[in-house]
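The following exercises concern the geometry of a protein chain. Please study the sequence and the structure before attempting each task, then compare your reasoning with the solution.

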Amino acid sequence: MTGSFLLRENFGVGRNLSEAEIPAEEKRAFALRVDTTLDALGEVLTWFESFRNAGIPDPIWLECQLVLAEGFTNAVRHAHRALPASTPIDIQLTLTPQGLELRIWDQGQEFDLEGFAQNLAAKPLPDAESEGGRGILLMKALSTHLSYTRQADGRNCLLISRRFDNPGCSSQQAV
């Protein structure tokens with residue numbers, strides 16, 4: 001499977017991208033499935049670009065684009081490193097008038113994101129930088145809520161929430 005640039009609203013057939021604006025008091029979900037390859041990052045970013053004028057404040061959209069790229073590349077490089085390139089990575093964007101949620105599902109091993117981030121944050125900067133994981137700290141800083149949980153279907157879900165009314169972030173609240 002090559003990456004599929006399908007805009008699916010609520011996991012169904014989507015409407016034209018120009019209609020992606022968020023009606024007041026409505027929750028809208030859009031999904032994308034791509035292969036496990038860093039080459040798919042361009043497709044992921046192009047997909048997310050289609051939501052640039054969907055009511056997401058521009059500075060928040062830019063930060064979420066960075067967080068999405070980091071989360072996706074982590075899924076490819078770490079969670080799926082031993083899996084075939086045909087293993088899908090599913091991405092969902094849920095938009096509400098108050099904020100957005102990005103979900104990235106992978107099929108890798110369980111990982112304690114919170115424990116890893118706490119351990120990394122407790123280390124002096126040179127040690128933390130040499131160990132890697134700066135992307136996780138960046139994702140935490142740019143999101144309102146960040147979690148990574150094992151799902152009943154055996155996949156893992158990276159949940160990135162961002163409220164539109166919280167430009168300073170790092171309060172770690174759900175949308």
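**Exercise 1.** State which residue in the hairpin of β5 and β6 takes a positive phi, and describe how the two strands pair.

*Solution.* In this predicted model, five residues lie between the strands of the hairpin, and G154 takes a positive phi near 90 degrees. Next, consider the strands: β5 covers residues 145–150 and β6 covers residues 156–163. They pair in the antiparallel sense, over six bridges. One bridge can be located by residue: Y148 has L158 of β6 as its partner.

**Exercise 2.** Determine how helices α1 and α2 are oriented to each other, and which residues make the contact.

*Solution.* Two packed helices are described by the angle between their axes and the distance between the axes. The axes of α1 (residues 41–49) and α2 (residues 58–79) come within 10 Å and cross at roughly 150 degrees. Angles over 145 degrees count as roughly antiparallel, and α1 and α2 are therefore roughly antiparallel to each other. The crossing is right-handed. On α1, the contact is made by L41, V44, L45, F48 and E49; on α2, by W61, C64, Q65, L68, A69, F72 and T73. Sorted by character, these residues are nine nonpolar, two polar and one charged.

**Exercise 3.** Classify the aromatic pair of F30 and F51, and locate both residues in the chain.

*Solution.* The structure holds five aromatic pairs. One of them joins F30 and F51, with 4.9 Å centre to centre and 55 degrees between the planes, and it is tilted. F30 belongs to strand β2 (residues 28–34), whereas F51 lies in the loop between α1 and α2. The two residues are 21 residues apart, and the pair links distant parts of the chain.

Technical notes: Residues numbered from 1 in each chain as written. Predicted model: local features only at pLDDT ≥ 70, side-chain atom pairs only at ≥ 80, totals over all residues. Heavy atoms only, no water. Axes fitted to C-alpha atoms, helices over the stretch in contact; angles between N-to-C directions. Helix = DSSP H or I, 4+ residues; strand = E, 2+ residues; numbered from the N terminus. Parallel < 35°, antiparallel > 145°, perpendicular 65-115°, else oblique. Left-handed = near helix turned anticlockwise from the far one by under 90°. Contact = heavy atoms within 4.5 Å. Nonpolar A, V, L, I, M, F, W, Y, C, P; charged D, E, K, R; others polar. Pairing = 2+ DSSP bridges. Phe/Tyr/Trp six-rings, centres within 6.5 Å; stacked < 30°, edge-to-face > 60°.
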